[in-house]
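Please open the model in a viewer and keep the selection panel at hand. The tour proceeds by selections, each followed by an account of what is found there.

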Amino acid sequence: MSYFDNAHHFTINKAQFTNNNVATAGMTELYQYVARGASHNTKAQDDAPKCHEDTRTQLLGDILHWIKLPKKETGIMLLHGPAGAGKSCIARSVCQQAATEGLLGASFFFWRSDSDRNKMDKLFTTIAHQLANANNNLRPHILTAIEQNPDIVDKPLEYQFRTLIFQPCLKVTQEELHFTAIVIDGLDECTDQMMQVSILNLLARIVRYEGFPLGFFITCRPELHLQEVFNTKDIVFSTQIISLDGVAGVSQDIRTVLQSGFSRVLNDPRFKMALKSVPRPWPSPQSIETLVDRSSGQFIYAATVLKFISSPDHNPEAQLDIVLGIRNGDRSTSPLADLDRLYYEILSRVKNLITMKQSHMRAKKGDDHACANAIIEAVNYNQHRLLLVVELLLDIPQGEAYLSLNQLHSLIHLNVGSVSFKRKLKIEFYHRSFEDFLNDTKRSRNFYLHKPKIHADIFWACLKFISCTTFETFEQHIGWIYVYFLWARHFGSGLHTGHSVNFEEYDFAMKKLFVELPHSYLHATQIQKVLDTFVLLNEDCHPIAVTRIFKSLANEGLLTEKNFRDAIYFTQHIRVVHNVC
């Protein structure tokens, strides 16, 4: 059957016919390489904070004015500012307003703790997918590019951009395109610094092409490697740079956020009785000014205070007294001093963390390892996000881990689902500044998150688990699955617990592991993972010591002949690299 049976005497101008089956297949193929949660209108961004309607009005107006310009003098507007300054809130508000006016083509929100969104691999495929969905005129050109380049995802990023975005956009007019901008938030959240620089340079070159119709609004921290790029020729000529340090009215905006937040708490039915006799106005103007001053221009301080005070399990008045009672930080040493003190106070007040600190996490020695954040790191490195596995490995009473983490609701977000695997838990930091705090020993002190040490502790917990567990219950079997698949990862990541490697300790561990693991569960892949870790030891690795460990394992029959040959090959490779005779 034809499209126009029995039709005659008509003319079709600028016709464009699409095979829906091919189009659907192309979009389905492209969707496989889309970063979930990257777009501003996804579920992951739905609850994320945006600018209060009465704040950042001048700045947002300037950004929207730039977006609306059909021909921009600079094709990139780059907004940078320190941690907690509100860059992502601004980006979400820009997306929301631009989308409402039909000016937004696509958006991508980087996030360091999300494996889909902390690297560049899916940046341009995600943007291309959004552009194809947003515009019927552009979609056929993007789908044709996919059809002609079936291996596009394996191509360099610049090739992906030119093929999926640049060339299709040149084939439609500005009137057909409608939208004028793409938003990229948190460029510094990408874990590859060289790729951050490469993407900036690529976009700076592209937008200078006269016929390219789209501009890019980008936010990032002013990291040193990015600041160096800001001053290069391509960036200077193609980019309008805005620093949040120089934006006026920040204190007033933070004051507005605090007043609005406290007003919500006062009107919350949950706190009606608790705040019934509190003198009004609450908080007092002096208290508001104290919090504004301590924020030092960081919206994240105000947001964290409001989350802490609105805890459903505590009296808001008492929570505010705690915050106001924190001694001021020394801002001469760090602009984050007051934020650090707030984070430290919140962590210190979690009751069950004391129990966790006293858990016997190191099975070999049974010593008390005071790492309150081990549970957070353990869940983050648990690919299934199973809370029950964390409780099993770290010897934490059932349910206590969740109770402790739930008290950190002002710092972390818990997604708990009831699925066949009990108590599935995903932890997300509300803001990267908290992760930075935990990873800096000077800032977090005894709450410092020393990742190699934690990996080592979890590895020893794995050893204890397989030595003492009978695998009779559902939970024990799930714990065994985790140990089987991930012990080698924790082993490798935990080798560097200091400036030197304790091979005697790991010699003991490997023997114990190989004795305890049933041979049906011990295969070459696991051995390979262990061998790979030694290659990553760089100059700290002493090949002779590594060889001795594997010879010891082989002599006791714990390594097959083939695996032993592989081990010797790897240690010889290390010798060549480090010129060890």
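The stops below begin with the whole chain and then turn to individual helices, loops and residues.

**The whole chain**

Begin with everything displayed, bearing in mind that this is a predicted model. Colouring by secondary structure brings out 28 helices and 7 strands. The chain has 581 residues, and 51% of them are buried. Its accessible surface amounts to about 28,300 Å², with carbon and sulfur atoms accounting for 51% of that area. Considering contacts between residues at least 6 apart in sequence, 74% link residues at least 24 apart.

**R56, ahead of helix α3**

Select R56, which is located in the loop between α2 (43–46) and α3. Although R56 is not a glycine, its phi is positive, at about 55 degrees. Is this residue, R56, buried or exposed? With a relative accessibility of 5%, R56 is classed as buried.

**Helices α3 and α4**

Next, select residues 57–68, helix α3, together with residues 87–100, helix α4. Their axes lie 10 Å apart and the packing angle is about 50 degrees. The two helices, α3 and α4, are therefore oblique to each other, and their crossing is right-handed. Display the side chains at the contact: α3 contributes L59, L60, I63, L64 and I67, while α4 contributes I90, S93, V94, Q97 and A98. Sorted by class, the residues of this contact between α3 and α4 comprise 8 nonpolar and 2 polar, with no charged ones.

**H129 in helix α5**

Move on to residues 123–134, helix α5, and pick out H129 within it. The relative accessible area of H129 is 10%, so the residue is buried. Which residues does H129 touch, not counting those up to four places away in sequence? They are M27, L30, Y31 and V34. For a distance label, join the C-alpha atoms of H129 and L30: they are 6.5 Å apart in space, whereas the two residues are 99 apart in sequence.

**Helices α6 and α7**

Select residues 139–148 for helix α6 and residues 157–170 for helix α7. The axes come within 9 Å of each other and cross at roughly 140 degrees. That angle makes α6 oblique to α7; the cut-off for roughly antiparallel is over 145 degrees. The crossing of α6 past α7 is right-handed. On the α6 side the contact involves H141, I142, A145 and I146, and on the α7 side T163, L164 and P168. Of the residues in this contact of α6 with α7, 5 are nonpolar, 2 are polar and none is charged.

**H178, after helix α8**

Now centre the view on H178, in the loop between α8 (174–177) and β3 (181–185). H178 also has a positive phi in a residue other than glycine, here near 75 degrees. H178 has a relative accessible area of 51% and is exposed, whereas R56, visited earlier, is buried.

**Cis peptide bonds between α12 and α13**

Go to the loop between α12 and α13, where P281 is found. The peptide bond leading from R280 to P281 is cis, with omega near 0 degrees. P283 is located in the loop between α12 and α13 as well. The bond from W282 to P283 is likewise cis, with omega near -10 degrees.

**Helix α14 and its surroundings**

Finally, select residues 299–309, helix α14. How many of its 11 residues are buried? The count is 9, so α14 is largely enclosed by the rest of the structure. The buried residues of α14 are F299, I300, Y301, A302, T304, V305, L306, F308 and I309. To see what they pack against, add α12 (250–266), α13 (285–295), α15 (316–325), α16 (337–348) and α21 (432–438) to the display.

Then retain α12 and α14 alone. Their axes come within 10 Å and cross at roughly 10 degrees, and α12 and α14 are therefore roughly parallel to each other. V250, D253, I254, V257, L258, G261 and F262 of α12 meet F299, A302, L306 and I309 of α14. This contact of α12 with α14 is made up of 9 nonpolar residues, 1 polar and 1 charged.

Technical notes. Residues are numbered from 1 along each chain as its sequence is written. This is a predicted model: local features need pLDDT of at least 70, side-chain atom pairs count only at pLDDT 80 or more; totals for chains, interfaces and linings use all residues. Side-chain values use heavy atoms; hydrogens and water are left out. Axes are lines fitted to C-alpha atoms, for helices over the stretch in contact, and angles run from 0 to 180 degrees between N-to-C directions. Helices (H or I, at least four residues) and strands (E, at least two) are DSSP runs, numbered from the N terminus. Angles under 35 degrees count as roughly parallel, over 145 as roughly antiparallel, 65 to 115 as roughly perpendicular and the rest as oblique. A crossing is left-handed if the near helix is turned anticlockwise from the far one by less than a right angle, and right-handed if clockwise. Contact means heavy atoms within 4.5 Å. Ala, Val, Leu, Ile, Met, Phe, Trp, Tyr, Cys and Pro count as nonpolar, Asp, Glu, Lys and Arg as charged, and the others, Gly among them, as polar. Buried means under 20% relative accessible area, exposed over 50%, partly exposed in between (1.4 Å probe, protein chains only). Accessible areas come from the Shrake-Rupley method with a 1.4 Å probe; for residues, only the protein chains shown count as cover.
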